[in-house]
Amino acid sequence: MAKKSESFGEPFCSFCGKPESKVEHLIAAPGGNVFICNDCVDICFGQLSKPDESVPEKVALLPPEQLKAELDKYIIGQDEAKRVLSVAVYNHYKRVNYNLRNMPKSRARDDERTAEERGSSDVELNKSNILMFGPSGCGKTLLAQTLSKILKVPFAMVDATTLTEAGYVGEDVENILLRLIKNADYDIAAAERGIIYIDEVDKIARKSENVSITRDVSGEGVQQSLLKIIESTVSSIPPNGGRKHPQQEFIHMDTTNVLFILGGAFVGLDKIVSDRLGKSRIGFGGELHSDKTTDEVLPKVQPQDLIKFGLIPELVGRVPVTVALKDLKSEDLVRVLTEPKNAIVKQYVKLLDLDGVELKFDDGALSAIAERAIALHTGARGLRTIVENAMLDIMYKVPSDKTIKRIIIDADTIENGAPPRVEKEAA
C-alpha cells in the first residue's frame, strides 16, 4: 500500500517528505510503497557526479633524464649520485601512480573493472627507500629538497639525533609524519605520497655489532622505531604532536607511498669498506686498499658494511638504494658560487643592481672563497657565510653612497679582509 501524507492524504517523497502536489514528479519504486521526487533525484545525481576525492591525484612524473636535467639547474657535480637518485625516484613514483591506477574508486565498483585491469594489479611493486652518504656540505639535503620541489610533492626533514624511542624524553618518531602533514596543509592524501628526509642517520648507529642488553633510546631504539613507518603502516598521529593519550583523537596516515630518504656523513665507513676489499685481494695480484681514495671506495658499499658500521639489519633491508656522494673539489665549489639559479654570487649581484651598483667577483676571489670553504671542512654549506662576511661592509655603505657605480671583489678581500676596489662616478 502506498505511503500517504498525514496532512494531505496523498503520496509523498520518502526522502524529503514533500507531497506529490508540491513537486513536479514523484517516482514510485517497484511495489509502489516508496517514492522519490525529482528534486531528490537531482541531488542524488549531483552527488554521484562529483569526483571521488578518496582517490588522490597522480604525481606528475618526469623521466630520469629530465629529472636529472632539472637537478643540474640547482646542484653542481654529483652526476652519478643524481643519476641513481633520478632512477630511484622515478621508479618509486611510477609505482605510486601504478597503484593509484589500479585502485578501485569504491568497493562497490571493484567488480566492474575488466579482467585485464584486475589482472594487472596482481603484480605487487615494493617500495625502495634511499640511503645517501657523503661528507658534510656535499649536497645531500639539497638533493632531497630539490626532488620534492621538482615533483611538487610535500617534503619534511628531521634530524635523527632529536628522535628518541617512544616513551622517553625527546621527539617520537611518528612526529616526523606530523611535520609532513603540516607541510601538506593537512591534506592527508598529498602527505601520503610525499618525501621525508631523515638527516644524521649515522649518529644513531649502535656502538658495536653486538646486540645491546641495555636501553639505547637515541640509537638502536630509534632505528627500531623507524622500521614500522619506513616500510608500510597506518600510523596514528597526535594532531598536535607530543605523547599519545587514550582519549585524544588521532590523524591516521598510510606510509605505503611515502618515500623515505636517509642521509649521513658516515665517517669511518670508507675504512670498513677498504678493509673488506683488502681482505678479499690478498696475494700477488692483490691491490692495497690504502691506495684507494674515499670517493673510489664509498660507491662499493655493501649491506654488511652498513651493518658493521652500526645500522641494524632490518633498517638496512628497508633502504636498498644506496647513493654515495663525493667530496666537492675547489672547481666544484666555484661552480656552486656562480652557476645554479640560486647561486650566492648571483644573489648579491642582483641585490646591488637594485641599488644601481655593478658587482663583480674576479676569478681570484672565487678561488679564494672555495679554498677557504675546503680548509674549514664545511663544503658548499660554508660558502654563504664566507661571502656574507666579505660583503658586510659593502652592503652597509652602498645604500648611503649614491656615487658608487662599480665594486670589484678580489682574492685580497677574501683572504686578508682588504677593502674591495670601488669605482665612483666622476664629480
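This passage describes the overall make-up, the nonpolar core, the strand pairing and the aromatic contacts of a predicted model.

The protein contains 17 helices and 12 strands. Of its 427 residues, 41% are buried. Among contacts with a separation of 6 or more, 67% are between residues 24 or more positions apart. The accessible surface amounts to about 23,800 Å², and carbon and sulfur atoms contribute 52% of that area.

The largest nonpolar core has 46 residues. The members touching the most other members are Ile176, Ile196, Ile198, Leu226, Phe260, Leu262 and Leu269. For Leu262, contacts were listed without residues up to four places away in sequence. On that basis, Leu262 touches Ile130, Leu131 and Met132, as well as Tyr197, Ile198 and Val201. Ile230, Leu315 and Val319 are also touched by Leu262.

Strand 3, residues 130–133, pairs with strand 9, residues 321–324. The two strands run parallel and are joined over 4 bridges. Within this pairing, methionine 132 has valine 323 of strand 9 as its bridge partner. Strand 9 has two unlike faces, one covered and one uncovered. Val321 and Val323 make up the covered face, whereas Thr322 and Ala324 lie on the uncovered one.

A separate description applies to strands 10, 11 and 12, which form an open sheet of 3 strands in the order 10-11-12 with mixed pairing. Strands 10 and 12 are at the edges and each has a single partner strand, so one side of each is left without a neighbour in the sheet. From one strand to the next, the twist averages 15 degrees. Strand 10 (residues 358–361) is parallel to strand 11 (residues 404–409), with 4 bridges between them. In this pair, leucine 359 has isoleucine 407 as its bridge partner, and lysine 360 is opposite isoleucine 408. Strand 11 is antiparallel to strand 12 (residues 421–424), and this pairing also has 4 bridges. Isoleucine 407 is placed opposite valine 422 in strand 12. Isoleucine 407 thus appears in both pairings, with leucine 359 and with valine 422.

In helix 5, which spans residues 140–151, serine 148 was examined. Its relative accessible area is 7%, under the 20% limit, so serine 148 counts as buried. Apart from neighbours within four places in sequence, serine 148 is in contact with Val153, Phe155 and Ile195.

The structure holds 2 aromatic pairs. In one of them, the ring centres of phenylalanine 133 and phenylalanine 266 are 6.1 Å apart and the planes meet at 70 degrees, so the pair is edge-to-face. This pair joins distant parts of the chain, 133 residues apart. Phenylalanine 133 belongs to strand 3, and phenylalanine 266 lies in the loop between strand 8 (259–264) and helix 9 (269–279). Both phenylalanine 133 and phenylalanine 266 are buried. Phenylalanine 266 also pairs with phenylalanine 309, at 5.0 Å centre to centre and 45 degrees between the planes, and this pair is tilted. Phenylalanine 309 is part of helix 11 (residues 303–309). The second pair likewise links distant parts of the chain, with phenylalanine 266 and phenylalanine 309 standing 43 residues apart. Phenylalanine 309 is buried, as is phenylalanine 266. Together, Phe133, Phe266 and Phe309 form one aromatic cluster.

Conventions:
Residues numbered from 1 in each chain as written. Predicted model: local features only at pLDDT ≥ 70, side-chain atom pairs only at ≥ 80, totals over all residues. Heavy atoms only, no water. Buried < 20%, exposed > 50% of the residue type's maximum accessible area, 1.4 Å probe, protein only. Contact = heavy atoms within 4.5 Å. Areas by Shrake-Rupley, 256 points an atom, 1.4 Å probe, with all protein chains shown as cover. Core = buried A, V, L, I, M, F, W, Y, C linked by side-chain atoms within 4.5 Å. Pairing = 2+ DSSP bridges. Axes fitted to C-alpha atoms, helices over the stretch in contact; angles between N-to-C directions. Phe/Tyr/Trp six-rings, centres within 6.5 Å; stacked < 30°, edge-to-face > 60°.
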